[in-house]
Amino acid sequence: AGPGQRPCPERTHQKGNHVGYHLVRIVGGLFAAILALGAISSHAAPVVAITSPATNTQFTPPASITLTAPASDSASTIAKVEFSRCTTLFGTATGSPYSVTWCNVASGRYRVTARATSAKGVRKTSRAITVVVNQPPTVTLTAPANNSTYPAPATIQLAAATTDSDGKIAKVEFFRGSALI
């Protein structure tokens with residue numbers, strides 16, 4: 001409803017035969033009751049949940065992320081499942097398994113949802129998952145110089161230069177082969 005307008009109230013219907021009503025806004029601020037006679041059946045919303053990837057899964061940019069969201073409806077078939085981040089739609093699947101690949105995802109944290117729509121037009125949105133796309137840091141060994149030699153036994157000073165374009169460096173560890181030194 002726009003400024004100064006009230007939204008149309010709508011009576012909740014239950015399964016079975018009964019009389020229901022809807023109020024409809026008419027030009028000039030008047031309302032009219034529309035009487036609905038006969039059988040009105042409620043239709044439960046579809047069931048949908050993102051099962052892959054798990055929430056907080058990390059990817060490296062530019063990421064290609066495959067999302068899967070099984071969906072079902074007890075009274076109808078599923079027409080489509082739409083995948084979005086915030087309100088931006090990035091993919092639609094129209095057949096089971098309901099899966100899309102979101103391509104070229106830049107660094108950031110994203111809340112992603114799936115919305116299933118039944119063949120009868122009833123919609124349900126999944127709980128959001130968080131997807132993390134993080135550029136890994138870079139590290140360069142600065143000391144000792146490449147191909148340096150030392151007489152045994154020797155104490156060798158190690159140094160490294162690091163950068164992280166989308167975060168900060170928490171620590172630097174040095175390894176000899178797979179052994180932490």
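Does Y110 count as buried or exposed, and at what relative accessibility? In this predicted model, Y110 has a relative accessibility of 14% and therefore counts as buried, the cut-off for that class being under 20%.

The protein chain contains 16 strands and zero helices. Of its 181 residues, 23% count as buried. The accessible surface of the chain comes to about 12400 Å², and carbon and sulfur atoms account for 53% of that area. Among contacts in the chain with a separation of 6 or more, 49% are between residues 24 or more positions apart.

Two aromatic pairs were found. In one of them, the ring centres of F90 and W102 are 4.3 Å apart and the ring planes lie at 15°, so the pair is classed as stacked. This pair links distant parts of the chain, since F90 belongs to strand 8 (residues 88–93) and W102 to strand 9 (residues 99–105), with the two positions 12 residues apart in numbering. W102 has a relative accessible area of 9% and is therefore buried. W102 also pairs with Y110, here in an edge-to-face arrangement with a centre-to-centre distance of 5.2 Å and an angle of 75° between the planes. F90, W102 and Y110 together form one aromatic cluster.

The largest nonpolar core comprises 23 residues, of which I65, L67, V81, F83, V112 and V133 touch the most other members. At least two residues of this core come from each of strand 5 (63–68), strand 7 (78–85), strand 9, strand 10 (108–118) and strand 12 (129–133). The largest contribution, four residues, is made by strand 10.

The surroundings of V133, one of the core residues named above, were examined separately. With neighbours within four places in sequence left aside, V133 is in contact with F59, T60, P61, A63, I65, V105, A106, S107, G108, Y110 and D166. This list includes I65, another of the core residues that touch the most other members. It also includes Y110, a member of the aromatic cluster with F90 and W102.

On the surface, L141, Y150, I156, L158 and I181 make a nonpolar patch of about 470 Å². Y150 is located in the loop between strand 13 (138–143) and strand 14 (159–163). The relative accessible area of Y150 is 41%, so this residue is classed as partly exposed, whereas Y110 counts as buried.

Notes:
Residues are numbered from 1 along each chain as its sequence is written. This is a predicted model: local features need pLDDT of at least 70, side-chain atom pairs count only at pLDDT 80 or more; totals for chains, interfaces and linings use all residues. Side-chain values use heavy atoms; hydrogens and water are left out. Patches are made of residues with over 30% relative accessible area and no salt bridge: like charges are joined within 9 Å, nonpolar side chains (Val, Leu, Ile, Met, Phe, Trp, Tyr) within 5 Å. Accessible areas come from the Shrake-Rupley method with a 1.4 Å probe; for residues, only the protein chains shown count as cover. A salt bridge is a side-chain nitrogen of Lys or Arg within 4 Å of a carboxyl oxygen of Asp or Glu. Buried means under 20% relative accessible area, exposed over 50%, partly exposed in between (1.4 Å probe, protein chains only). Rings of Phe, Tyr and Trp (its six-membered ring) pair if their centres lie within 6.5 Å; planes under 30 degrees apart count as stacked, over 60 as edge-to-face and the rest as tilted. A nonpolar core is a set of buried Ala, Val, Leu, Ile, Met, Phe, Trp, Tyr and Cys residues joined through side-chain atoms within 4.5 Å. Contact means heavy atoms within 4.5 Å.
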